[in-house]
Structures are given as structure tokens and as C-alpha cells.
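The following note collects points on the structure shown below, set out for a colleague who will examine the coordinates directly. The points move from a sheet and its helix to a pair of annotated positions, and close with one further residue.

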Amino acid sequence: MAKVAIHPEDDVWGTPLSGSGHRLLLLGSGELGREVALEAMRLGIEVIAVDAYANAPAMQVAHRSHVLSMLDGKALKHVVAQEQPTLIVPEVEALATETLLELEAEGWKVIPTALATRLTMDREGIRRLAAEELALPTSPYQFAATASDYRDAIATIGLPCVVKPVMSSSGKGQSLVKTDADIDSAWTYAFEAGRGKDQRVIVEGFVKFDTEITLLTIRSQPDLPHAEPTTHFCPPIGHRQQDGDYRESWQPCALNPRTLTKCQNIAKAITDALGGVGLFGVELFIAGSPNEEQTVYFSEVSPRPHDTGMVTMVSQNMSEFELHVRAIAGLPIGDIEQIRPGASAVILASEPSNSPTFAGVAEALTVPSSKLRLFGKPRAYKNRRMGVALALGDTVEEARSRACECAERVRVH
């Protein structure tokens, strides 16, 4: 199969829909994928959006779209052969990763790499890489595939502990097990919410942390003469989770210099091991007082823009989405600058709907410095993320207050 190649050394970029342009095949078309599509289109890249349902957010802005199960390797190969993409860009976890490995072996460019996508698709692969191969500090953990193994794992780890499917997203299937009465329901919930054919769970020891951050880490190798691979970091992002899913985030999250260096060293180690180019969302737990030596634990990594990083759409000179597209297209990153303290707060649906509507939009935008991003998802269900409020402030506290107030004024019907 002939493959379209990017040749930035010639500094020549084609035109979308002309046959000469670069093509980005987006595997996953939610709100994060939509922002990636928009940034790619700003650089004249042709975007083809793929997801399991029609009219997903990125499909509404892409040049073309396809509806298919991305766990169906045969269907995925058919779309690749049809579209001849320059870049295959996974934006969700539920993918036929063996097919991505085959496509990469044939010469297709998978972002960041097919192996990185497979390792981060399930918590077992990435946790073993981090703890057992790289010796990064993590919480204690055990994996289980049967109810008997699961109970043995809890007995080994002890209570309280956290139970998660090895493959899921947005906190689905995650439970905090505090007492013996929680054990059975946590097992059932993990299996109901997990993805993939071979269901397993991870039982993690509960880390008593004081701060939880996302460190957006960019691996870049511009196609310029004598360019060396480089790693860039955005200012750390603090975030608050509820039921395993993010509810608000803010940037910057104040860290003492020694702790920030530890965080950056861990993020560089895990992203170097995964390889490739692009933006990674590295989640870290920080325990201890800022006035003393703090312990940093690796939690998870996503080889793509991170939901908590949506705050960068207002808080930085370049959002995480622009940084991702620059990196994967072989373009220079430049200076990443914090504009002002910023924050994001999610807008959730309270009930199911096949045709959701939004009230209070005008009222929400009376909050100073606020912005809204309504995702355009065609269906809602309880606690589904339907939009995000963004705001700036003179301080992080002011930005958080404004973002939360803006989000609270929007009602999903």
C-alpha cells in the first residue's frame, strides 16, 4: 500500500482534499479529539474522524468520518487502506492494538507508537513497565482475573484499597474499598465497566497523598537539520477527582522546586520508555508538606492530550492540543508560556437524553474571564461530561471559583 509521507525538510505542505495534503486519521472523536482535529486543520492538515457512534464531537468538524468499532481490526485496516493517512492518531483506549502493531510494521505512522498505545491501553502493561522495569515509585498493586485471585489480592494489599478494571477510561469501574462490605460490589462494578475481551482488575494500595497533578510532557523531534529529540514540560496542573473522574483542574499547581524536578524526572523516564513523539498526560501523586522532602508516586500515563489539560485552552499561549499536533507533525514546539492562572470545571448531564439541550449559557458567560466549550455530544447519560467551563484569575483560587461558578450556571436538559 502506498503511504502519504510528511516531508517537513522540504517545508512544503499540501492542501486538504486536493490529494497533496497531509492526512490525520483520528481514532476516537470525543471532545479531546475534536480539539486535536481543529488544531490540525489550522495547520492545513486533512482530518478523518473515526468513532463507534455517529456525529461524535470531532466528526462534526472533520473533513470526513467513519463509524466503526475500533476493536474490529479488520474494519480498522479497511479504513486505513481507504484513507491512506499520513498519521494514525489514537485518542481513546479501546483499540485493536494488535492491528496497530501490524499497521506500524507495514510502514504506517502510529502516534506515538503502536507499542506505546498497547502498553497504555491497559493498566497492567503500564504499571509493570513503570514499577518493574523502570523502578519508578508507585503504590503497591496486585492483578486478578478471578474472584478468588481478587480476594487474595485484597488480603495482600490490605484495606483501604482502590479497585479498577485494567482497561477503562474516565474513572469507569473504579471503586475505593474501605471495608469488607465493599469487596463484592467493587468486583462486580469493575467487570461491568471494563473494556476488552480479557477482563482483569488491578488492586492498588491506597496512597495518602496531599496533591494530585497532571504533568503534560511533550516528546518532540522537529524535522529540521541536526534537530535532536527533546522533552518539554507544561507547568503542572492540579486536579480534583470524584468517582474516579476529573471534576476541575487548575494551572499552575504550586510545587517546590525539588518536587517539580522529581515529577519531571519520572515523567521523562516513562515517556522516554514509551518512545515516539507527541503529548503525554502523566498523572502523579505527591505526599508530604511542601516545606519538607516530598514523595512523588507515578499513577498513570495517557499517550495523548489529557482531560485535565483542557485548562490549557485559556491558561497557556499554546494549548495541549496545539502542542500535540506540532509534535506529531514534526514541527518546532517553541516556548510554552503561562498566560495567567487558569482553571476548568466540567459540565455534567444529570439524566439520560437523546437530544440534550443547554440552559443558562448566557448567564454563565457573565462570569468574568469565563469561556465555555460545549462538546455537542448527541446523547447524554447521567454524569456524562457534556462541556467544560474555563476561566482566568489573578490567582489560582480566583480562577477556580470563576470556572466552577460558570459551570454551575449551565444546566443540561
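1. Pairing at one side of a sheet. The model under discussion is predicted. In strand β4, the bridge partner of Leu27 is Pro90. Strand β1, which covers residues 23–27, pairs with β4 in the parallel sense, and four bridges connect the two.

2. The sheet as a whole. These strands belong to an open sheet of four strands, ordered β3-β2-β1-β4 and paired in parallel fashion. Its edges are formed by β3 (64–67) and β4 (87–90), each of which pairs on one side only. On average, neighbouring strands of this sheet are turned by 20° against each other, direction ignored.

3. The helix across the sheet. Helix α1, residues 31–42, lies across β1 and β2 (46–51). Relative to β1, helix α1 runs at about 175°.

4. Annotated positions. Which residues does UniProt list under "binding site"? The unreviewed entry gives Glu283 and Glu300. Although they span 18 residues in sequence, no two of their C-alpha atoms are more than 5.1 Å apart, so they gather at one spot.

5. Glu283. This residue lies in strand β13, residues 278–287. Is Glu283 buried or exposed? Its relative accessible area is 9%, under the 20% limit, and Glu283 therefore counts as buried. With neighbours within four places in sequence left aside, the residues in contact with Glu283 include Glu212, Thr214, His239, Gln241 and His306. Tyr297, Phe298, Ser299 and Glu300 are also among the contacts of Glu283.

6. Glu300. The second annotated residue is found in strand β14, residues 295–302. Glu300 has 18% relative accessibility; because the cut-off for buried is under 20%, Glu300 is classed as buried. Apart from residues up to four places away in sequence, Glu300 touches Arg123, Lys164, Gly281, Val282 and Glu283. With Arg123 there is, in addition, a side-chain to side-chain polar contact of 2.8 Å.

7. Thr99. A separate position to inspect is Thr99, found in helix α3 (residues 97–105). Thr99 is buried, with a relative accessible area of 9%. Which residues is Thr99 in contact with, leaving aside its neighbours within four places in sequence? They are Gly73, Leu76 and Lys77.

Notes
Residues numbered from 1 in each chain as written. Predicted model: local features only at pLDDT ≥ 70, side-chain atom pairs only at ≥ 80, totals over all residues. Heavy atoms only, no water. Pairing = 2+ DSSP bridges. Axes fitted to C-alpha atoms, helices over the stretch in contact; angles between N-to-C directions. Contact = heavy atoms within 4.5 Å. UniProt positions renumbered as here; feature names shortened; annotations may be inferred. Buried < 20%, exposed > 50% of the residue type's maximum accessible area, 1.4 Å probe, protein only. Polar contact = N/O pair within 3.5 Å; in protein donor to acceptor, adjacent residues only side chain to side chain.
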